[in-house]
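Biologist: Thanks for sitting down with me over this one. Could you walk me through how the chain packs?

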Amino acid sequence: MTDRMFEEKQHASLYQKYRFDPPDELKELILQYLDKKKGKPHQLAVDLGCGTGQTSRPLTAYFEQVVGIDVSKSQVEQARAVPGFPNLSYRVGTAEELPFPDGSVDLLTAASAAHWFDAERFIKEATRVLKPRGCLALFGYGDNVKIHYESCGDQLNNIYEEVKQILLPYTSSKVTGANSKLKDLFEAIPYPDKERIEIIPIKQQLSIKNVIGFIQTFSMYQAYLRADPSAASTLLERTTSRILEEMKVSSTEAKVNFIMEYFCVLACKPE
């Protein structure tokens, strides 16, 4: 990955605390695709741009070995601090230069990360390390988030949209790759056997505290924080107060329905 946006220790800590594990629906979709295209045994999965390990850890139940790779040493340190996964290891590195032999990987995943990759170099390297019939699973979520709580859903969504507009000048052009659901990367993958699922709606309950924490993990919020720490902190405080007021609650532990649209690119390397 040529972009290095998530390397501060504080950002890595926020990532560990507030970023989501992949939803079960998405995990099942990926594993069913791998079973259909390649079949067992599932020996090695590599999670690229693994961050603090939210996608790496669930894979350990299905593979003999899982390796998470991230360009950020701070993210990898946070991931390694989570105990209980003996068949999981982490390495600092990039998606474009992978430390695996040719034809050795069953599954390459990237969760909310592939838009940061150098597409041409990544595809070349993925093709090198994947086994014949090995699979790619690149996924994430778009910015079409909806928040619901009793009768004030519209107001909450307006508040969230206002935050996005404030952060827009600090948004990397790379993020548009995620918001376009990896359309360009999908088209660049040379495998005949590939598919792109554009909308996988996922509903979960989040506390107000976790919604604000999720915003803090955004690369654009971190860019805003570096540019103007006072304004960035004020934005979070004001947003929290407005949400509490609209919901007519006093605690940030109060929960809202948080609806996201995931997407997924699946591809199978030819024999």
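Modeller: Gladly, and keep in mind that this is a predicted model. Let's start with the largest nonpolar core, which has 56 residues.

Biologist: Which residues have the most contacts inside that core?

Modeller: The largest share of the core, seven residues, comes from strand S8, residues 255-268. Ranked by contacts inside the core, the top residues are Leu107, Met247 and Phe258.

Biologist: How many residues does the other core have?

Modeller: This other core lies apart from the largest one. Its members include Leu98, Phe122, Val129 and Ile189, and its size is 29 residues.

Biologist: Back to Leu107, then: what is it in contact with, leaving aside neighbours within four places in sequence?

Modeller: Contact here means heavy atoms within 4.5 Å. On that basis the partners of Leu107 include Ile30, Leu34 and Phe63, and also Leu130, Cys135 and Ala137. The rest of the list is Leu44, Ala45, Val46 and Leu59.

Biologist: How far apart are the end C-alpha atoms of residues 46-137?

Modeller: In an unreviewed UniProt entry, that span carries the annotation "domain: Methyltransferase type". In the model it is 25% helix and 32% strand. Its end C-alpha atoms are separated by 10 Å.

Biologist: Is helix H10 parallel or oblique to helix H11?

Modeller: The axes of H10 (residues 219-227) and H11 (residues 229-247) come within 5 Å and cross at roughly 130°. Because of that angle, H10 relative to H11 is oblique.

Biologist: And by class, which residues make up their contact?

Modeller: H10 contributes Tyr221 and Arg226, among others, while H11 contributes residues including Pro229 and Ser233. By class, the tally is nine nonpolar, one polar and one charged.

How values were computed
Residues are numbered from 1 along each chain as its sequence is written. This is a predicted model: local features need pLDDT of at least 70, side-chain atom pairs count only at pLDDT 80 or more; totals for chains, interfaces and linings use all residues. Side-chain values use heavy atoms; hydrogens and water are left out. UniProt positions are given in the numbering used here, feature names are shortened, and annotations may be inferred rather than shown by experiment. Helices (H or I, at least four residues) and strands (E, at least two) are DSSP runs, numbered from the N terminus. A nonpolar core is a set of buried Ala, Val, Leu, Ile, Met, Phe, Trp, Tyr and Cys residues joined through side-chain atoms within 4.5 Å. Buried means under 20% relative accessible area, exposed over 50%, partly exposed in between (1.4 Å probe, protein chains only). Axes are lines fitted to C-alpha atoms, for helices over the stretch in contact, and angles run from 0 to 180 degrees between N-to-C directions. Angles under 35 degrees count as roughly parallel, over 145 as roughly antiparallel, 65 to 115 as roughly perpendicular and the rest as oblique. Ala, Val, Leu, Ile, Met, Phe, Trp, Tyr, Cys and Pro count as nonpolar, Asp, Glu, Lys and Arg as charged, and the others, Gly among them, as polar.
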